[in-house]
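Visitor: I'd love a close look at one part of this structure, please. Could you walk me through the barrel and what surrounds it?

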Amino acid sequence: MTYTPAEDRYSKMIYRRCGKSGVQLPAISLGLWHNFGHDTPHQVKRDICRTAFDHGITHFDLANNYGPPPGSAEEAFGEILKTDFAGYRDELIISSKAGYLMWNGPYGEWGSRKSVIASCDQSLKRMGLDYVDIFYSHRFDPDTPLEETMTALDHIVRSGRAQYVGISSYNSQRTREAYAILKSLGTPLLIHQPSYNILNRWVEHDGLKETLAELGVGSIAFTPLAQGILTKKYLSGIPQDSRAAQGKSLDPATITERALASVRALDDLAQARGQTLAQMALAWVLRDGGITTALIGASRPEQVIDCAGAIQNLQFTPDELAAIDRIAREEEINLWAKSSAE
Ligand SMILES: NC(=O)c1ccc[n+]([C@@H]2O[C@H](COP(=O)([O-])OP(=O)(O)OC[C@H]3O[C@@H](n4cnc5c(N)ncnc54)[C@H](OP(=O)(O)O)[C@@H]3O)[C@@H](O)[C@H]2O)c1
């Protein structure tokens, strides 16, 4: 059936300026890391994307390796662009990334010019796009000069493959270095993509939030729901249809009794605020304007609707924030810590 986006979509979302750029991003963005590979029916992917757009979510985040198999999420999204979003390209911000293992041999990962530009070309082909809006260095490469990786990003913009560039999981110091190189090349650093949620606060300890504010760079926080831990789904065990049951990126061993005790108490607080726990977790990430947008994942459309509802209450009292800090200790869930330690 032909898809017509909801006419009132732009009244259902708020848009926040990405750093000091001209770009505004929806407060909630959708990532296609999981649930967009060959293990998910195509109709589910279409329904998730349509629901997102119907709720004003204009930003879709991908990477070369999203699947499984790697590349299949971009292929699926390319199909959706043709069947559902044709005619709406200029309403969308589409991103992709290079840096993690994508193909065999020495050029299939990391940050060489050879790898980054080839990967970008492959992503464009899979999605059937002339350009992406944002292209990222997915992780800092300790063995390649940062100048080389940043010059490759600059080239990607100058050659029309991307409108803007970003970096992901770079620590504060590397971010400053990347920012300075890009600035000297004349391609500003638009955005940083770090992991961040109530149970994983490395961006605060590292000073990255302050760095980005000082530099005027925007930010998009990934895993804002701690891959689903910051919802009610694991409170009575591990559901069959959940990410933790799939043997993927969420190790059930990280969902400890201590974490669940925090989640229960956070859920009580969320209820008192008139929100679901997922909504409160997203509002917390967005609370002080330091993060431009919260980048969620979803396995079904209802989750997107619930998450989009977070924008109804983004304010916290000092008492609520203090209660969250008291309740929730950090958990060992930052899979990207190694990258940001380099
Ligand atoms: N730059 C990087 O290195 C990097 C790394 C990781 C992710 N990312 C990006 O960040 C995106 C989001 O990551 P993520 O998927 O881990 O984020 P997340 O939002 O923390 O977790 C998403 C999962 O939470 C559950 N969920 C979502 N909304 C829910 C709701 N309202 N109620 C109950 N459960 C809900 C679903 O789990 P179930 O599947 O169990 O239903 C969903 O798959 C990725 O798609 C990707 O674009 C980037």
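Guide: Happy to, and please keep in mind that this is a predicted model. Eight strands close into a barrel, with parallel pairing, in the order 3-4-5-6-7-8-9-10. On average, neighbouring strands of this sheet are turned by 30° against each other, direction ignored. As a general reminder, strands of a sheet pair through backbone hydrogen bonds, either parallel or antiparallel.

For one pairing in detail, take strand 7 (residues 162-168) and strand 8 (residues 189-193): they run parallel and are joined by four bridges. Here Gly 166 stands opposite Ile 191 of strand 8.

Strand 10 (293-296) leads us to the ligand, since this strand and helix 10 (301-308) each supply at least two residues of the surrounding shell. Helix 10 gives the largest share, three residues. In total, 30 residues surround the ligand, and the closest are Gly 31, Trp 33, Phe 222, Gly 228 and Gly 297. Sorted by class, the shell holds 14 polar, twelve nonpolar and four charged residues.

Now for the nonpolar packing. The largest nonpolar core has 95 residues, and those with the most contacts inside it are Ile 28, Ile 134, Val 165, Leu 230, Ala 281, Leu 282 and Ala 294. Helix 9 (residues 277-285) provides the largest share of this core, eight residues. Ile 28 makes a good example: beyond its neighbours within four places in sequence, Ile 28 is in contact with Ile 57, Leu 282, Thr 293, Ala 294, Ile 296, Cys 307, Ala 308, Ala 310 and Ile 311. In soluble globular proteins, nonpolar side chains tend to be buried together.

Definitions and conventions. Residues numbered from 1 in each chain as written. Predicted model: local features only at pLDDT ≥ 70, side-chain atom pairs only at ≥ 80, totals over all residues. Near = placed C-beta within 6 Å. Nonpolar A, V, L, I, M, F, W, Y, C, P; charged D, E, K, R; others polar. Core = buried A, V, L, I, M, F, W, Y, C linked by C-beta atoms within 7 Å. Buried ≥ 20, exposed ≤ 12 C-beta atoms within 10 Å, placed from the backbone. Contact = placed C-beta atoms within 7 Å. Pairing = 2+ DSSP bridges. Axes fitted to C-alpha atoms, helices over the stretch in contact; angles between N-to-C directions.
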